[in-house]
Amino acid sequence: METGHGIKYRQLHIEDYLRMVPAEQKEQAGVYAHGRITGNPDTHTDFWMDNLLDTILRSDNLNAAYKKVKANKGAGGIDGMQVDGLLPYLRKHQAEIVEQVREGKYKPNPVRRVEIPKEEKGKLRKLGVPTVVDRVIQQAIAQELTPIYEEQFSDNSFGFRPGRSAHEALGRCREYINEGYVYAVSMDLQSYFDTVNHSKLIEVLSRTVKDGRVISLIHKYLNAGVMEDGGFHATPEGVPQGGPLSPLCGNVMLNELDKELKRRGHKFVRYADDCLILCKSKKSAERTLENIVPFITKKLFLKVNLQKTAVRHISKIKYLGYAFYRHKGKCRMWVHPKSVEKMRNKLRELTTRGNKWSNEVREEKLRSYARGWINYYRYADMKNLMEQTDEWLRHRIRAVYWKQWKKVRTRYKMLRALHLPEWKVHEMANCRKGVWRAAAMLNSALTKKIIVDRLGYPSMSTRYLKVRVNY
């Protein structure tokens, strides 16, 4: 057996330590044990950090990574392998893959380019989908690095961090606004994830991660390239969105910005690359913007979109889909008009007759979307908005049913089933008005009670009143 700094000795030391973790903490031992070591001032941490790859390749950590990737599902990468095919592949090749990674011979596959529409019309967000095997390795790395960096990250950073949410970021904004910080530098980093400087990121990572094998593996993932339009494209910069490592690497880089803002004494809130710097006066905010841009561009080598970066009063900004206003001296929130427009467009899509869904499928999709949307915006003041949206949505639902009742005899049948007077049935069945106007006439037949209680469509106002959070 090797001793001193030998490999076998290091592995034995790590496994011995894990066995000493109390039984009630076994579940978290694989991920958080080194966090406890770091927290002990009497423990020499260089040993652990110099051998980080050994902890990443532990079987319990790899198993946890596999379970996470399987739970997240998602599409396959360029090799076509889906999550369902991952387990048999790993059973056959795990030892080989682990050995390649340990010896530095593992070569990640290029990611598969996928484009999804952004909120801005006509613009696309570029995602990079790694192979499922690469996702497992990235997840294993992220599981070990996350608790290390969690100790370093700012308390004002909220995006892609365990136990933190967008609602907490908004709550921090409210705290600062209530303290009188009513002007904001709304920072827009141009194509942030696509423009991260690899050399700078590796430099920042190397300050904490002393195991060169881990740094080399991360560098390989950064340089893996992209398969797009049937050809390979190199990635000299950027962190492809879509892999488990991307959010962590993004936060590691922007933590440098957080530290600089804290050093300068600024109040700020950051959710991923969405950063607000809050000031008490417009002049102070303009001076802050002027001074922080050179740091971002010259020290972090990132691009600031000066057309979208601006100084505004908090009542004129959009942050995480919300807008702010002050009432009786206190900050309150409402849904930003752009978020309302996006919601209505989605409801239009779900109530379009051309999608050829059954009424049951449409009802379920509407309920699911309404539930998720309202849960996110439950901190906003939007009672009137929800009531207006409900009326408009029920009108669209009636239009769907009217289109389905194409023939006059079908209209007679359905209207009689709704127990309308015969004269009313005759009048409506022979209506020659357009769909939208005819749907308005159906208001007396397909009532709110029938649409919501009997047919099962959502009432957004009712849901909102149940879950809303009042300050």
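Colleague: Which are the buried residues of helix α11 (residues 212–222)?

Modeller: In this predicted model, the buried residues of α11 are V214, I215, L217, I218, Y221 and L222. Each is called buried because its relative accessible area is under 20%.

Colleague: What puts these residues on the same side of α11?

Modeller: Look at the arc around the helix axis: the buried residues cover only 160 degrees of it, so they sit on the same side of α11.

Colleague: And what do the buried residues of α11 pack against?

Modeller: They pack against five helices: α4 (52–56), α6 (86–103), α7 (132–150), α10 (198–208) and α12 (245–263).

Colleague: How do you know that D211 makes a polar contact at the start of α11?

Modeller: A side-chain oxygen of D211 comes to within 3.0 Å of the backbone nitrogen of R213. A polar contact needs a pair of N or O atoms within 3.5 Å, so this pair qualifies.

Colleague: Let's turn to another pair. Why is helix α16 called roughly antiparallel to helix α21?

Modeller: The axes of α16 (residues 383–404) and α21 (residues 460–467) cross at roughly 155 degrees, coming within 8 Å. Angles over 145 degrees count as roughly antiparallel, so α16 and α21 earn that name.

Colleague: Which residues meet there?

Modeller: From α16 come K383, M386, E387, T389 and D390, and they meet M460, S461, Y464 and L465 of α21. By class, this contact has four nonpolar, two polar and three charged residues.

Colleague: How many helices and strands does the whole protein have?

Modeller: There are 21 helices and 10 strands, and 48% of the 471 residues count as buried.

Technical notes. Residues are numbered from 1 along each chain as its sequence is written. This is a predicted model: local features need pLDDT of at least 70, side-chain atom pairs count only at pLDDT 80 or more; totals for chains, interfaces and linings use all residues. Side-chain values use heavy atoms; hydrogens and water are left out. Axes are lines fitted to C-alpha atoms, for helices over the stretch in contact, and angles run from 0 to 180 degrees between N-to-C directions. Helices (H or I, at least four residues) and strands (E, at least two) are DSSP runs, numbered from the N terminus. Angles under 35 degrees count as roughly parallel, over 145 as roughly antiparallel, 65 to 115 as roughly perpendicular and the rest as oblique. Contact means heavy atoms within 4.5 Å. Ala, Val, Leu, Ile, Met, Phe, Trp, Tyr, Cys and Pro count as nonpolar, Asp, Glu, Lys and Arg as charged, and the others, Gly among them, as polar. Buried means under 20% relative accessible area, exposed over 50%, partly exposed in between (1.4 Å probe, protein chains only). The arc is that of the directions from the helix axis to the C-beta atoms. A polar contact is a pair of N or O atoms within 3.5 Å; within protein, one must be able to donate a hydrogen and the other to accept it, and residues adjacent in sequence count only if both atoms are side-chain atoms.
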